[in-house]
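Here is a short set of exercises to work through with the model open beside you. Try each task before reading its solution.

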Protein chains: 2
Amino acid sequence: MASTDKPDTESGKEVSQPPQPVAPSTATSLFKVDVVLRLLLFAATVTSLVVLLTSKQTIGGPFPAPKIEVKFDNSPAFIYFLVALSVAGLYSIITTLASISVIHKPQYSTKLLLHFAFWDVLILGILASATGTAGGIAYVGLKGNDHVQWNKVCNHFDKFCRHIGAALAVSLFASFLLIFLIWLNVNSLHKKIPK
Amino acid sequence: MASTDKPDTESGKEVSQPPQPVAPSTATSLFKVDVVLRLLLFAATVTSLVVLLTSKQTIGGPFPAPKIEVKFDNSPAFIYFLVALSVAGLYSIITTLASISVIHKPQYSTKLLLHFAFWDVLILGILASATGTAGGIAYVGLKGNDHVQWNKVCNHFDKFCRHIGAALAVSLFASFLLIFLIWLNVNSLHKKIPK
């Protein structure tokens, strides 16, 4: 394969050979890995979303004991978390479709890799910060903070906290998936550069 | 300089031209922008660190009124924030030096861009999540949360909250710098790919 790149020095006629560092089959198989990872990202964000949305818990009651309900939207941090997960989920659908379409039209692969790298980084920033925000609040809920008299609430709202914890774990996994996707794409771009 | 790499084909007058899509001067100027951005990243992380470390505030007193001291290490979220800022600051020094060294040895630029893209993404993940974590806690400190009876504390600890807010703002700026650095590097890699 590599020998075809060399100029035909015998005749002195050089065929203008466009550099083709990556064989199309390799590029396609890279996009297949990309599609699988993006589908996994979609699954992770949707799982995390569902677990977050079903975290509602009511304790207390029956009358006269007061009923206390806790939901994810009691804290702006979890609302931000919800928005970030939705954005990442939607993004993963769109990019999965884009990635599938490039398997059939490999000539657009370089351009798409560049776009992916740009947007993946932005979504990573959003998802990582949202996971951090929700995680910070969840930690105070779990442990409390004596310095400012914020009491822990997870001893009362066990189901709620379990759901938040699971959503956070899956979202952390999704963040690592995004990091891995960016690495994969940058590496693919790098492989296209002639040595 | 570059001509020494080429095979000397006396008979076939055509010299095998390794694809050189980016002129060395362009590559060098890109690394100059890179160095400036990394120095800016260093300045931002150090500023944020200093502002965070000087956030200590004592209210109350003199005797018999109780003295209450608040410091960043009262919350694990701010400790994580401190660690992430330190890591990002250290990283920015190392990569600034690496970037400067490549201006003098442009032949390593592609490899370095690849390494930068890998590590920048990881540091972005750490810094964005830490900014989110500290931001989430700071927001509760500012507004409180009635649902779980976490009282706001910023009405008492005004200086502390100002410092935390400023550190968060500068750290957010540093995160965007990192995103911009990754974009720049991926773009540089993309430009090296022959059309």
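**Exercise 1. A span from the record**

How far apart are the end C-alpha atoms of residues 112-142 of chain A, and what percentage of the chain there is helix?

Solution. Keep in mind that you're looking at a predicted model.
- Start with the record: an unreviewed UniProt entry annotates residues 35-54, 77-100, 112-142 and 162-186 of chain A as "transmembrane region".
- Now take residues 112-142 of chain A: the end C-alpha atoms are 43 Å apart, and the chain is 100% helix and 0% strand over that stretch.
- For another of the annotated spans, try residues 35-54 of chain A, where the ends lie 29 Å apart, with 95% helix and 0% strand.

**Exercise 2. Following one helix**

Work out how the reach of helix 3 of chain B sits against the expected 51 Å, and whether its residues are mostly buried or exposed.

Solution.
- Helix 3 of chain B has 35 residues, and from first C-alpha to last it reaches 48 Å.
- At 1.5 Å a residue you'd expect 51 Å, and the actual reach is close to that.
- Next, burial: 25 of the 35 residues of helix 3 of chain B are buried, so this helix is largely enclosed by the rest of the structure.
- Just past its end comes Gly144(B), with a positive phi near 75°.

**Exercise 3. Arg38(B) and its partners**

Find which side chains form salt bridges with Arg38(B), and say where in the chain they sit.

Solution.
- One partner is Asp34(B), with an N to O distance of 2.6 Å.
- Both Arg38(B) and Asp34(B) belong to helix 1 of chain B (residues 24-53), 4 residues apart, or about one turn of the helix.
- Why does that spacing suit a pair? An α-helix has 3.6 residues a turn, so residues three or four places apart point the same way.
- Asp120(B) is another partner, at 2.9 Å from N to O.
- This second pair links distant parts of the chain: Arg38(B) is in helix 1 and Asp120(B) in helix 3 (residues 109-143) of chain B, 82 residues apart.
- Over in chain A, salt bridges with shared partners join Asp34(A), Arg38(A) and Asp120(A) into one network.
- As for burial, Arg38(B) and Asp34(B) are buried, and Asp120(B) is buried too.

**Exercise 4. A salt bridge in another setting**

Describe where the partners of the Glu69(A) and Lys56(A) salt bridge lie, and classify their exposure.

Solution.
- The two side chains meet at 3.6 Å, N to O.
- Glu69(A) is in strand 2 (residues 67-70) of chain A, while Lys56(A) is in the loop between helix 1 (24-53) and strand 1 (57-60), so to speak a link between distant parts of the chain, 13 residues apart.
- Buried needs under 20% relative accessible area and exposed needs over 50%; Glu69(A), at 42%, is therefore partly exposed, and Lys56(A), at 43%, is partly exposed as well.
- Over all chains, the count is 8 salt bridges.

**Exercise 5. Two chains together**

Work out how chain B relates to chain A, and what their interface is made of.

Solution.
- A turn of 180° with a shift of 0.0 Å along the axis lays chain B on chain A, with an RMSD of 0.0 Å.
- That's the relation of a two-fold axis.
- At the interface, 43 residues of chain B are in contact with 42 residues of chain A.
- The copies meet through the same surface, because 95% of chain B's interface residues are also interface residues in chain A.
- About 4000 Å² is buried between the chains, and carbon and sulfur atoms give 79% of it.
- Salt bridges across this interface come to 0.

Terms used
Residues numbered from 1 in each chain as written. Chains lettered and ligands numbered in written order. Predicted model: local features only at pLDDT ≥ 70, side-chain atom pairs only at ≥ 80, totals over all residues. Heavy atoms only, no water. Salt bridge = Lys/Arg side-chain N within 4 Å of Asp/Glu carboxyl O. Helix = DSSP H or I, 4+ residues; strand = E, 2+ residues; numbered from the N terminus. Buried < 20%, exposed > 50% of the residue type's maximum accessible area, 1.4 Å probe, protein only. UniProt positions renumbered as here; feature names shortened; annotations may be inferred. Least-squares fit on C-alpha atoms with pLDDT ≥ 70 in both. Contact = heavy atoms within 4.5 Å. Expected span 1.5 Å × (residues − 1). Buried area = accessible area lost by both parts, 1.4 Å probe.
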